[in-house]
Amino acid sequence: MTGQTKTAVHSPAQEENARWAAFAKEQSVLAALGVFAQMLIGMSLYLYANVGTPGYLSILLTAPYAFALLASAKALAKRGIARAALAGERKTAARVLCLLFAVLIWADALLLLISLCAMFREFMPRECLAGLMAAVAITAADGVRTGKRGLPHLARFLVWVIFALLFFCAASAYPHGRIDHVFPLLGHGAKSVFLGGAWMCGCVCGCVWPLLMADESPAVSQLTGRRSPLCRTLWAALICAVLLHLTADWLMPMEAMQRPETLGWRVLLLANMTPSIPAWSMLIAGLTLLFLLALQDCALRFVRAFSRFAGTEKGGFWISLFLLLPMIPIAIRLDLAWLDAVTRLSAWRAVLTPVLLVLTLLLGRKSKREGSK
């Protein structure tokens, strides 16, 4: 009996569809990494000090909000309303809407740059960070030229590296914790848990950007299909954030979480509570990769939104520098007053994003009606 070799021969249309499916997965992974980075920053900015041990419940409370946003943006993208709103007949209204989206992206980038600078300051207290942050900004701006396709490819590879580094650090922390640190289960009470969830809702708003900023029809069809990878990657980001917060609970009692520590110390909390030098090094490497990837993604999204506002597709390098360079003095000279203001303003992302989706719906419908006449 002779063996028979079977091969699947794809048509050019099937091959093209497979390419767009892979691109949709990469975009979803990049968006999930951005959400995960914002969740980690939210833990350091708000949850550890204001909610304490039940902060993981606050993270779980963001899931209904995140999936409601995702379903709304998916409907807008699938019906062509988002594209009609941002590039339709009403040019002035579309430009204002793009500018508002750019402001939200700017807020995400500001938190990333502040956290990155605070982390560097924690383990390099005597170094001048101005030159380092300027190099980060210039590198992110230069990556805009080739990052539209290259960055998602890189993110899909580095996601395994990042989570391997974070997992090693979390595993190294296991022998140094105690189960009684997780109690009291509700910390300061249910009110603080719900307030923490409301604040953290602003951290998951980035899940809508791949849908709203998609220009190509094949990308939209893959991101809005029945097997859209956005939901899976968003679930993964939320679960990983919950596990990291539970690791912090395992290491520290609630009273220790509320100590007046710096933002950089809180960002590196897992390493600061363990004596393992390899874990400390791997946490720094993992968070640096994570924050830089998310910052590059913010620069790309800001350039696309601001370019639509300005009515030009050129000057992406200078537009991204316009985004990043003004943040550097804020990040370097950050004091408690600035940090408190940033924390308060960040919570408004959870309100502004649904408002902008409603405005997109209204403007998109009007543009489609005018286009059909």
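Buried means under 20% relative accessible area, exposed means over 50%, and partly exposed covers the range in between. The structure described here is a predicted model. At 32% relative accessibility, Trp-280 therefore counts as partly exposed.

**Aromatic pairs**

The model holds nine aromatic pairs. A pair of aromatic rings is described by the distance of the centres and the angle of the planes. Two of the pairs are set out below.

| Pair | Centre to centre | Angle between planes | Type |
|---|---|---|---|
| Phe-36 and Phe-163 | 5.1 Å | 45° | tilted |
| Phe-123 and Trp-280 | 6.1 Å | 85° | edge-to-face |

Phe-36 belongs to helix 1 (residues 12-50) and Phe-163 to helix 6 (residues 147-173), so their pairing ties together parts that lie 127 residues apart in sequence. Phe-36 is buried, because its relative accessible area is 1%. Phe-163, at 24% relative accessibility, counts as partly exposed.

In the edge-to-face pair, Phe-123 comes from helix 4 and Trp-280 from helix 14 (residues 277-310), so parts 157 residues apart in sequence are tied together. With a relative accessible area of 24%, Phe-123 is partly exposed. Phe-123 and Trp-280 also join Phe-120 in one aromatic cluster.

**Nonpolar surface patch**

Helix 4 (91-123) is also one of the elements giving two or more residues to a nonpolar surface patch, and helix 18 (349-372) is the other. The patch covers about 900 Å² and is made by Val-96, Leu-100, Leu-345, Trp-348, Val-351, Leu-352, Val-355, Val-358, Leu-359 and Leu-362. Helix 18 gives the most to the patch, with six residues. Leu-359 lies in helix 18. Its relative accessibility is 38%, so Leu-359 counts as partly exposed.

**A buried arginine**

Arg-266 is found in helix 12 (residues 263-267). The residue is buried yet has no salt bridge. A salt bridge would need a side-chain nitrogen of Lys or Arg within 4 Å of a carboxyl oxygen of Asp or Glu. For Arg-266, the nearest side chain of opposite charge is that of Glu-261, 7.0 Å away. Glu-261 is nevertheless in contact with Arg-266. Leaving aside neighbours within four places in sequence, the other contacts of Arg-266 are Ser-44, Tyr-48, Ala-49, Met-257, Gln-258, Arg-259 and Pro-260.

Note on methods. Residues are numbered from 1 along each chain as its sequence is written. This is a predicted model: local features need pLDDT of at least 70, side-chain atom pairs count only at pLDDT 80 or more; totals for chains, interfaces and linings use all residues. Side-chain values use heavy atoms; hydrogens and water are left out. Patches are made of residues with over 30% relative accessible area and no salt bridge: like charges are joined within 9 Å, nonpolar side chains (Val, Leu, Ile, Met, Phe, Trp, Tyr) within 5 Å. Accessible areas come from the Shrake-Rupley method with a 1.4 Å probe; for residues, only the protein chains shown count as cover. Helices (H or I, at least four residues) and strands (E, at least two) are DSSP runs, numbered from the N terminus. Buried means under 20% relative accessible area, exposed over 50%, partly exposed in between (1.4 Å probe, protein chains only). Rings of Phe, Tyr and Trp (its six-membered ring) pair if their centres lie within 6.5 Å; planes under 30 degrees apart count as stacked, over 60 as edge-to-face and the rest as tilted. Lys and Arg count as positive and Asp and Glu as negative; His and the chain ends are not counted. Contact means heavy atoms within 4.5 Å.
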